[in-house]
Amino acid sequence: MSLNELWFVLIAVLWCGYFVLEGFDFGVGMLLPVLGRDDTEHRVLINTVGPVWDGNEVWLLVAGGATFAAFPMWYATLFSGFYLPLLLILVALIIRAVAFEYRGKRPEAAWRSRWDWCIIAGSAVPAVLWGVAFGNIVRGVAIDANQHYTGGFWALLNPYALLGGLTTLSVFLLHGAVFLALKTTGEIRQRAARTAARIAPAAILAAGGFLLWTEIHQGKPAAMVIAAVAAAGLVGTVVANARGREGWAFAGTAVAIGATTVALFVTLYPNVMPSTTAAANNLTIHNASSSHYTLQIMSVVAVLFTPLVLLYQGWTYWVFRRRIGVANIPKDSAQAAGSGAVSEALGGAPGEAVGDALGDALGGAS
């Protein structure tokens, strides 16, 4: 395997990790008004992702950075051509991050309700636009001989890409619902399982249609096999959720999201961004890559630091592994709003060290 191929694979792995981990973040945010009936229940839902959501976004930063360093022409064409959608995603992610931090600063219901809507919008916009963006990357866009995107914004909203957006939206909603069934207790847990059962048919229909369209027009045998694995993951989620096996249901949606991402990258290879203008204008892992020396340096850095990052993130999930419920949330919202910044944002307990407060709020995990 050449270094060009190695970094194409590594970037695919980074996007898999991002969509699997951030996918349930987005789902939880979008389900806030559906599964949370009052402020305490909203705080339960937010606490399920509170300790991990920002760590999940590291995968996006690394994927973007790796693309910039390993395939600068891909990065330049992608970010100039998809400037408006990517800007909307960035703004939505910033609003969502600010909402997590500021929601607990004041106890008024109106204050918290406004930030809740910021979390909902900040989760829904990226959930849709990532699907639209990847749909266009796989389908191909107008690229000229100078590797410049020559289409406009509206050309990105074609039926195939919009189906991609509908797919990520519905699958992330399902992923979030099964995650909440896995991480909560009591009525919220039951509500999440019922909601997952209602979302599943729409997710299967959208994802099945998107993968079928992809494989009919551009598919390869290996990509078809991987797409079948994705479909099996979704079906497995439905069965496991119906039997109350929440861990397996979550594993099913994780497999479906990961396999779908892999199938798209396999379909792309050896291109990184096909051109609809002329095949000679395609960006490939060869004509869009950095120098061999740059890829060598990047490989050494990746070998040294990737295991450390994975170990740290795995430890974070292990520490905050317990279920939480309404009983874990302090009743005095005003007092909670006056405590430390991190525990406030997550609805944590007041007057304690941040680590202890998070642990108590999450069921004594720390």
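In the predicted model, one aromatic cluster is formed by Phe8, Trp15, Tyr18, Phe19, Phe26, Trp130, Phe134, Phe172, Phe265 and Tyr269. The structure as a whole holds 27 aromatic pairs. In one of these, the ring centres of Phe8 and Tyr269 are 5.8 Å apart and the ring planes meet at 50 degrees, so the pair is classed as tilted, given that planes under 30 degrees apart count as stacked and those over 60 as edge-to-face. Because Phe8 belongs to helix α1 (residues 3-30) whereas Tyr269 sits in the loop between α12 (246-268) and β1 (271-273), the pair ties together parts that are 261 residues apart in sequence. The two partners are covered as follows: Phe8 is buried, with a relative accessible area of 5%, while Tyr269, at 33% relative accessibility, counts as partly exposed.

A second pair is made by Tyr160 and Trp213, whose ring centres lie 5.4 Å apart and whose planes stand at 75 degrees, so that this pair is edge-to-face. It links distant parts of the chain, since Tyr160 is found in helix α9 (residues 159-183) and Trp213 in helix α10 (residues 186-218), with their positions 53 residues apart in sequence. Tyr160 is buried, its relative accessible area being 4%, whereas Trp213 has 33% relative accessibility and counts as partly exposed.

Tyr269 also takes part in a backbone feature of the loop between α12 and β1, in which Pro270 lies. The peptide bond that joins Tyr269 and Pro270 is cis, with omega at about 5 degrees. As a rule, most peptide bonds are trans.

Helix α12, which precedes this loop, also contains Thr261. With a relative accessible area of 5%, Thr261 is buried, a class that requires a value under 20%. When residues up to four places away in sequence are not counted, Thr261 touches Ala12, Trp15, Cys16 and Phe19; of these contact partners, Trp15 and Phe19 are also members of the aromatic cluster.

Another position examined is Ile95, which is placed in helix α7 (residues 83-102) and, at 37% relative accessibility, counts as partly exposed. The C-alpha atom of Ile95 is separated by 20 Å from that of Val132, a residue 37 places away along the chain.

At the level of the whole fold, the protein chain has 16 helices and two strands. Its C-alpha trace spans about 65 × 40 × 35 Å along the principal axes. For a chain of 366 residues, a compact globule would have a radius of gyration near 21 Å, and the value of 21 Å computed for the protein chain therefore agrees with that expectation. Of the 366 residues, 54% count as buried. Among contacts between residues at least 6 apart in sequence, 78% join residues at least 24 apart.

The surface and the charges of the protein chain were examined in turn. The protein chain exposes about 15800 Å², of which carbon and sulfur atoms supply 70%. Its side chains include 21 positive and 20 negative ones, and the centres of these two sets lie 8 Å apart.

Methods. Residues are numbered from 1 along each chain as its sequence is written. This is a predicted model: local features need pLDDT of at least 70, side-chain atom pairs count only at pLDDT 80 or more; totals for chains, interfaces and linings use all residues. Side-chain values use heavy atoms; hydrogens and water are left out. Helices (H or I, at least four residues) and strands (E, at least two) are DSSP runs, numbered from the N terminus. The radius of gyration is taken over C-alpha atoms; the globule rule is 2.2 Å times the number of residues to the power 0.38. Buried means under 20% relative accessible area, exposed over 50%, partly exposed in between (1.4 Å probe, protein chains only). Contact means heavy atoms within 4.5 Å. Accessible areas come from the Shrake-Rupley method with a 1.4 Å probe; for residues, only the protein chains shown count as cover. Lys and Arg count as positive and Asp and Glu as negative; His and the chain ends are not counted. The place of a charge is taken as NZ of Lys, CZ of Arg, CG of Asp or CD of Glu. Rings of Phe, Tyr and Trp (its six-membered ring) pair if their centres lie within 6.5 Å; planes under 30 degrees apart count as stacked, over 60 as edge-to-face and the rest as tilted.
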